[in-house]
Amino acid sequence: MGKGSCSKVKKINGKIRLIPDKFERNGKFYFVEAWRFPVEIEKFVKDWMKSLYISNNSLTHVCCGKSRIGGLRIDDNIFLQPDIAADVLDLPWILGKNSQEHILADLPWQIGYHDRRYFSYAMRDICKEGGYLLINAPWNPWVKGLKFLRVYKVLQAFNSYRDLVDFWLFQKMTTKELRNYYGS
Ligand SMILES: C[S@@+](CC[C@H](N)C(=O)[O-])C[C@H]1O[C@@H](n2cnc3c(N)ncnc32)[C@H](O)[C@@H]1O
């Protein structure tokens, strides 16, 4: 495996564990951390915000992952430390309809076919009238009530990711951790 960078995670059983953020190699394969915008995509999003006069504070980032973009960052995975840990579909009840200025949304592409429409309804419902929505999805997320303005294609190297399988790394929580995070 080629050069890579690591993030240090806290001491577990007296050992410091290092988890690779990114591995690259020159051969046929190339490993990057997924579920995270590559720097070029982050720049694209920031340029898009600038040209539409969207401040970071007025942008709600739904399915934010580890990204720092957005004044309000929402994800259902508490370990990514979002501002609000919630399921996308609950947002109209949690935040209220017409409550968010602008939306950036980046749902996992593997979402079931029938859930896609409910996701779009939720995004539409929480956005204020006149607000912009930038949604990263390989399907058409349009639903009634949204005005179609543009669709941008991401070409070249980044798209080769679609051909590869995903490797996931998790750690099972202890009973104590479960109690600390979720109560009872
Ligand atoms: C593609 S990643 C986000 C990457 C991020 N937008 C960035 O800028 O790097 C998708 C995120 O959606 C979150 N997610 C998946 N299903 C969700 C749901 N039903 N509600 C809220 N967040 C969800 C995952 O935890 C994951 O962090």
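**Note on the predicted model: loops, sheet, core and ligand shell**

1. Glutamine 110 counts as exposed because just 6 C-beta neighbours fall inside 10 Å. Burial here is a count of other C-beta atoms within 10 Å of a residue's own: 20 or more is buried, 12 or fewer is exposed, and anything in between is partly exposed, with C-beta atoms placed from the backbone. Glutamine 110 sits in the loop between β6 (102–105) and α3 (113–126). Its C-alpha is 9.9 Å from that of alanine 137, and the two residues are 27 apart in sequence.

2. On the basis for these points: the model is predicted, local features need pLDDT of at least 70, side-chain atom pairs count only at pLDDT 80 or more, and totals for chains, interfaces and linings use all residues. Numbering starts from 1 along each chain, as its sequence is written. Helices (H or I, at least four residues) and strands (E, at least two) are DSSP runs, numbered from the N terminus.

3. The sheet is open and has five strands, in the order β5-β4-β3-β6-β7, with parallel pairing. The edges are β5 (84–85) and β7; each has a single partner strand, so one side of each lacks a neighbour in the sheet. Two strands pair if DSSP finds at least two bridges between them. In general, strands of a sheet pair through backbone hydrogen bonds, parallel or antiparallel.

4. Strand β3 (59–62) deserves a closer look. Four bridges join β3 to β6, and three join β3 to β4. Both pairs run parallel. Leucine 59 stands opposite histidine 102 in β6. Histidine 61 has arginine 73 as its bridge partner in β4. Side chains in a regular strand alternate between the two faces of the sheet. Both faces of β3 are covered: Leu59 and His61 are buried on one side, Thr60 and Val62 on the other.

5. What is in the largest nonpolar core? This core has 20 residues, and those with the most contacts inside it are Val62, Ile103, Ala105, Met123 and Leu133. Elements supplying at least two residues each are α1, β3, β6, α3 and β7 (133–135). Helix α3 gives the most, with four residues. By definition, such a core is a set of buried Ala, Val, Leu, Ile, Met, Phe, Trp, Tyr and Cys residues joined through C-beta atoms within 7 Å. Valine 62 touches Ile74, Val88, Ile103, Ala105 and Met123, leaving out residues up to four places away in sequence. Contact means C-beta atoms, placed from the backbone, within 7 Å.

6. Helix α1 (residues 39–51) has 13 residues and spans 18 Å from first C-alpha to last, close to the 18 Å expected at 1.5 Å a residue. The expected span is 1.5 Å times one less than the number of residues.

7. Two residues other than glycine have positive phi: tyrosine 53, near 55 degrees, and cysteine 63, near 60 degrees. Tyrosine 53 comes just after α1, in the loop between α1 and β3. Cysteine 63 lies in the loop between β3 and β4 (72–75). Are they buried or exposed? Tyrosine 53 is exposed because 7 other C-beta atoms lie within 10 Å. Cysteine 63 is buried because it has 23 C-beta neighbours inside 10 Å.

8. Cysteine 63 also appears at the ligand. The ligand is surrounded by 16 residues, the closest being Cys63, Gly65, Ser67, Asp76 and Asp106. Near means a C-beta atom, placed from the backbone, within 6 Å of the molecule. By class, the shell has eight nonpolar, three polar and five charged residues. Ala, Val, Leu, Ile, Met, Phe, Trp, Tyr, Cys and Pro count as nonpolar; Asp, Glu, Lys and Arg as charged; the others, Gly among them, as polar.

Key. Contact = placed C-beta atoms within 7 Å.
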